[in-house]
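Reader: Could you take a close look at one helix of this model, and set that helix in the context of the whole chain? I would like a connected account, with the criteria behind each term.

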Amino acid sequence: MTFADYPATRFRRLRRTPALRDLVQEHRLSAADLIWPVFIREGHNTEEPIASMPGVSRLTLDRLLVRATEAHEAGVQVICLFPYTDQSLRTEDCAEAWSPENLTNRAIRMLKKELPSLAVMTDIALDPYNANGHDGFVVDGVIVNDETVEALVKMALAQAEAGADILGPSDMMDGRIGAMRAALEENGHQDVTIMSYSAKYASCFYGPFRDAVGASGRLVGDKKTYQMNPGNSDEALRLVARDLAEGADMVMVKPGMPYLDICTRVKRELQVPTFAYQVSGEYAMLKGAAQNGWIDGEKSMLESLLCFKRAGCDGILTYFAVDVAKYLKG
Ligand code: PBG
């Protein structure tokens with residue numbers, strides 16, 4: 001490419017007015033790009049604030065319905081459920097994970113009945129149900145892969161049965177997408193979509209989330225034998241390609257802001273529906289700085305999310321989803 005030199009080219013001409021700037025803007029954020037992650041809990045009429053995520057609360061199902069209705073009216077089209085499981089239901093066999101009556105499955109049925117046009121996404125991993133906080137079964141200190149995959153398949157089927165639109169396996173076991181896809185096909189759920197957490201890094205930015213789901217104190221060791229090493233990039237491409245070959249419809253990179261290069265590579269090299277998760281620690285950093293008056297809360301929220309679009313993402317999971325949708329609606 002060749003460009004004319006100054007003064008034939010003056011970049012500031014197109015930045016002179018809002019109309020001109022808008023006209024040449026390459027990427028935009030819209031409410032349709034957003035997936036809203038929500039924490040749910042047992043009980044009635046309660047919204048329980050999460051200290052490390054200012055503005056985010058665990059919702060009982062009656063409050064979930066109220067908040068989801070509001071969000072949907074503001075333009076949010078996809079909600080993603082994360083359960084805070086009662087301590088008594090966190091066991092080594094994780095059986096609550098695939099109970100048709102667990103909190104998540106009851107929430108899915110309620111939302112699909114009351115708000116059928118709101119798409120419901122789930123999380124598939126054992127950590128909210130596991131006595132030791134890991135995403136897989138732990139046998140003699142090792143997170144076992146294949147036994148975990150069998151359990152995750154049962155979890156996926158229970159969620160599909162409850163009416164989930166998008167399954168979100170976040171566990172990083174090998175072979176889980178293929179196993180889930182085969183089970184879905186065999187059981188009449190051929191239209192249920194999978195958004196795989198394909199490139200999920202072993203990140204410290206999940207800290208506030210682990211508070212939110214009550215896993216913080218429980219986790220024994222770390223998740224480095226299944227989540228990715230933050231120093232790797234090529235591996236992310238191989239994982240994404242592998243999950244697509246096994247039957248994923250959409251793929252995700254997680255965390256978001258520190259991994260925009262991965263988002264860009266996935267979109268450029270594979271041209272597939274690509275999503276990023278702006279995780280709890282990213283939310284907490286932006287919110288914390290804004291609450292201290294160190295950055296502008298609204299502007300930093302919008303800029304952080306627009307940058308995901310520029311990096312190549314088709315959409316973003318973000319705790320800001322409702323605030324953004326309301327802002328964009330004006
Ligand atoms: C659990 C799961 C995690 C997140 C989503 N699903 C945490 C983890 O892997 O430890 C993190 C989300 C966030 O930090 O906002 N499998």
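Author: The secondary structure of the protein chain amounts to eleven helices and twelve strands, where helices (H or I, at least four residues) and strands (E, at least two) are DSSP runs, numbered from the N terminus. The radius of gyration is 20 Å, close to the 20 Å that the globule rule gives for 330 residues, so the chain is as compact as a globular protein of that length; this radius is taken over C-alpha atoms, and the rule is 2.2 Å times the number of residues to the power 0.38. This is a predicted model, in which local features need pLDDT of at least 70 and side-chain atom pairs count only at pLDDT 80 or more, while totals for chains, interfaces and linings use all residues. Residues are numbered from 1 along each chain as its sequence is written, and side-chain values use heavy atoms, with hydrogens and water left out.

Along its principal axes the C-alpha trace spans about 70 × 45 × 40 Å. Of the 330 residues, 53% count as buried, a term that means under 20% relative accessible area, with exposed set at over 50% and partly exposed in between (1.4 Å probe, protein chains only). Among contacts between residues at least 6 apart in sequence, 74% join residues at least 24 apart, contact meaning heavy atoms within 4.5 Å. The chain exposes about 15100 Å², of which carbon and sulfur atoms supply 53%; accessible areas come from the Shrake-Rupley method with a 1.4 Å probe, and for residues, only the protein chains shown count as cover.

The part to examine closely is helix 8, which runs over residues 260-270. Its approach along the chain includes the loop between strand 10 and helix 8, where Pro255 is placed, and the peptide bond from Lys254 to Pro255 is cis, with omega near -5°. Within helix 8, the residues Leu260, Ile262, Cys263 and Val266 are buried. These four cover an arc of only 160° around the axis, which puts them on the same side of helix 8; the arc is that of the directions from the helix axis to the C-beta atoms. In general, an α-helix has 3.6 residues a turn, so residues three or four places apart point the same way. The cover over the buried residues of helix 8 includes strand 9 (193-200), helix 7 (234-246), strand 10 (250-254), strand 11 (274-278) and helix 10 (297-311). Helix 8 is followed by Gln271, whose phi is positive, near 50°.

Helix 5 (176-186) offers a second case to set beside helix 8. Its buried residues are Arg176, Ile177, Met180, Arg181, Ala183 and Leu184. They cover an arc of only 165° around the axis, which puts them on the same side of helix 5. These buried residues pack against helix 4 (145-162), strand 8, strand 9 and helix 7, and strand 9 and helix 7 are also among the elements that cover the buried residues of helix 8. Just after helix 5, Gly188 takes a positive phi of about 80°. Before helix 5, in the loop that links strand 8 (166-167) to it, lies Met172, a residue other than glycine with a positive phi near 65°; at 8% relative accessibility, Met172 counts as buried.

Asp140 likewise has a positive phi, of about 50°, although it is not a glycine. It lies in the loop between strand 6 (138-139) and strand 7 (142-143), and at 78% relative accessibility Asp140 counts as exposed.

The cis bond from Lys254 to Pro255 can be read alongside the cis peptide bond that joins Tyr6 and Pro7, with omega of about 5°. Pro7 is placed in the segment before helix 1 (18-23) and, at 47% relative accessibility, counts as partly exposed. The C-alpha atoms of Pro7 and Asp174, 167 residues apart along the chain, are separated by 57 Å.
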